[in-house]
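Colleague: Got a minute? I'd like to go through this model with you, bit by bit.

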Amino acid sequence: MPRIGSGTLVTGLTAAALAVIAVLAVQASGSAADRPVTALPSNSASTAPPAKVPPVAKVPTLPADSGSGKRVVYGLKENRVWLVDDAGKVLRTFVVTPGTVDPAPGRYKVTSRTSRGTGGDGVKIEHVVRFATVGATVIGFSAAVDGSMPTPDPEKKTGGIREAPADGDALWKLAVYETKVVVVR
């Protein structure tokens, strides 16, 4: 019986192993999209507890009493705004920092808009969308150019409802002149 050299044997085993790996890879790629990837711990003897996954924040649903059609909905209790399209679909929702003067719950329309200015608190603002007046205080949405959303001075009457710049941009695009603004508790 002829003798097989060790080099030939190693080459044959390596080729067979690569063939098996190729077959398994093809099988795995066919089902990879169906299964989530899970990481195995690098050291099975590790005594560290598994990392906790933060809970997914539940986005508050659009208030039921907020009307229909294209509108901006402002929730006084939640300090939250919902941007709603013509079909009633929520396009975006975000938290705001209210001024010291709140509008009464009810239905309003956008009365004026200004692309840039200075707020009653002296902060440079953009995307100002006004919709109500309470006494001499004008109520409207705006974003501070520097992205800040500080709590307003309670000694001053301010009607600026501050939002983050990206949220202000989205509201600016939706809330053109005479767009409905619905204020709910």
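Modeller: Sure, let's talk through the layout, the core, the pocket and two odd residues.

Modeller: Keep in mind that this is a predicted model, where local features need pLDDT of at least 70, side-chain atom pairs count only at pLDDT 80 or more, and totals for chains, interfaces and linings use all residues. Residues are numbered from 1 along each chain as its sequence is written, and side-chain values use heavy atoms, with hydrogens and water left out.

Colleague: Okay, how many helices and strands are there?

Modeller: Two helices and nine strands. Both kinds are DSSP runs numbered from the N terminus: helices are H or I with at least four residues, strands are E with at least two. The order from the N terminus is α-β-β-β-β-β-β-β-β-α-β.

Colleague: And what share of the residues is buried?

Modeller: Of the 185 residues, 31% count as buried. Buried means under 20% relative accessible area, exposed is over 50%, and partly exposed is in between (1.4 Å probe, protein chains only).

Colleague: Which residues have the most contacts inside the largest nonpolar core?

Modeller: Val72, Tyr74, Val81, Leu83, Phe131, Phe141 and Leu171, in a core of 22 residues. A nonpolar core is a set of buried Ala, Val, Leu, Ile, Met, Phe, Trp, Tyr and Cys residues joined through side-chain atoms within 4.5 Å. α2 gives the most to this core, with four residues.

Colleague: What does leucine 83 touch further along the sequence?

Modeller: Leaving aside neighbours within four places in sequence, leucine 83 is in contact (heavy atoms within 4.5 Å) with residues including Val72, Val90, Phe94 and Leu171.

Colleague: New topic: which residues lie nearest the centre of the largest pocket?

Modeller: Gly119, Gly120, Gly159, Gly160 and Arg162, out of 29 lining residues. β7 gives the most to that lining, with six residues.

Colleague: What counts as a pocket, though?

Modeller: On a 1 Å grid over the protein atoms alone, where a 1.4 Å probe fits, a pocket is an open set of points with protein on both sides within 12 Å along at least five of seven lines; lining residues have an atom within 4 Å of a point.

Colleague: And the odd residues: where is asparagine 79?

Modeller: Asparagine 79 sits in the loop between β1 and β2. Its phi is near 50 degrees, a positive value in a residue other than glycine. Most residues other than glycine have a negative phi.

Colleague: Is histidine 127 buried or exposed?

Modeller: Histidine 127 is buried, at 13% relative accessible area. It belongs to strand β6, and its phi is near 50 degrees too.
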